[in-house]
Amino acid sequence: MKTGLRLQTINAMVNNNYTHIWDCCCDHGLLGMNLLKRQIADKVHFVDIVPALTEQVHTQLSKHFSSEIFANKWQVHCLDVAKLPLHITASNTEKPSHLIIIAGVGGDLLIEFVQQIVKASPTLKLEFMLCPVHHNYKVRKALIDLEFDLINEAIVCENKRFYEVIHVVRNSQQTPKHQLTDVGSTMWDLSIKSHQEYLSKTLSHYRKMQSKPKENVSKVIASYEALTL
């Protein structure tokens, strides 16, 4: 089950045990299968809205994870990510823990998913591991508006494209070690060449936007420029 650096990074950043892990927009299910193999959740859920994909994932899971050790440890759902059945609970767990992983989708759709999930379960403690294809700044602003706290974050360069992995929690009773910010904080190390390149590309993108009518991105540019101070 070979995965690229992006999925490897997400996998490595999942370092707690959960009642339920939801691998959303799971595609071929590679990430969820790696998490299932690690046995860090009571159940790993594979979620996609495309029937052909979920059927394929179910076939692979039935083939490779049919032994007794994985009995009742996985479930495949063909449904809209915005409608996750988070009411599912383990019979011996009063307060189930949920990690919802959404990767490989655009920022606008990702925001919509998160907003709908939070709206449906406003009082639940929910952790999200997010990796949008683009619009990272917009995603971060939406998460701040929804009162998420930062757990961890990382920059990944794969196939000459940059991604941000953002691990956040909502309704946690613990004081966050680091603040969730609109441009990221702990993930940056500008002594690393790829981080310098990512910041340069990001600033170049927003400076080009600034030249367009009705595009006011001066605050965005200032926030990214502040990373170099």
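Biologist: What makes the 29 residues a nonpolar core in this predicted model?

Modeller: A nonpolar core needs buried residues of the nonpolar kinds, joined through side-chain atoms within 4.5 Å. The largest set of that sort here has 29 residues. Those with the most contacts inside it are Ile-10, Val-14, Ile-21, Phe-46, Leu-61, Ile-101 and Met-129. Its largest share, four residues, comes from helix α2 (residues 30–38).

Biologist: And which residues does Met-129 touch?

Modeller: Leaving aside residues up to four places away in sequence, Met-129 touches Ile-10, Met-13 and Val-14, then Leu-99, Ile-100, Ile-101 and Ile-102, and also Val-165, Ile-166 and His-167.

Biologist: Which residues are included in the second, separate core?

Modeller: Ile-102, Leu-110, Leu-143 and Leu-150 are among them, in a core of 28 residues.

Biologist: Why is strand β1 called largely enclosed?

Modeller: Buried means under 20% relative accessible area. Seven of the seven residues of β1 (residues 18–24) are buried, so the rest of the structure largely encloses this strand.

Biologist: How do you know that β1 and strand β2 pair?

Modeller: Pairing takes at least two bridges, and six join β1 to β2 (residues 41–48), running parallel. For instance, the partner of His-20 in β2 is Lys-43, and Trp-22 stands opposite His-45.

Biologist: What about β1 and strand β4?

Modeller: Again the cut-off is at least two, and five bridges join β1 to β4 (residues 98–103), also in parallel. Cys-24 stands opposite Ile-102 there.

Biologist: Is the crossover from β1 through α2 to β2 right-handed or left-handed?

Modeller: Right-handed. The test is whether, with the strands pointing away from you, the path from the first strand over the helix to the second runs clockwise. The β-α-β crossover from β1 through α2 to β2 fits that description. β2, helix α3 (residues 51–64) and β3 make a right-handed unit too.

Biologist: How do you know that β2 pairs with strand β3?

Modeller: Five bridges link β2 to β3 (residues 74–78) in the parallel sense, against a requirement of at least two. One bridge puts Phe-46 with Val-76 in β3.

Biologist: What makes β2 mostly covered?

Modeller: Six of its eight residues are buried, that is, under 20% relative accessible area.

Biologist: Which residues of helix α1 are buried, and what covers them?

Modeller: In α1 (residues 5–13), Arg-6, Leu-7, Thr-9, Ile-10, Asn-11 and Met-13 are buried. Their cover includes α2, β4, β5 (126–131), β6 (149–158) and β7 (161–170).

Technical notes. Residues numbered from 1 in each chain as written. Predicted model: local features only at pLDDT ≥ 70, side-chain atom pairs only at ≥ 80, totals over all residues. Heavy atoms only, no water. Buried < 20%, exposed > 50% of the residue type's maximum accessible area, 1.4 Å probe, protein only. Helix = DSSP H or I, 4+ residues; strand = E, 2+ residues; numbered from the N terminus. Contact = heavy atoms within 4.5 Å.
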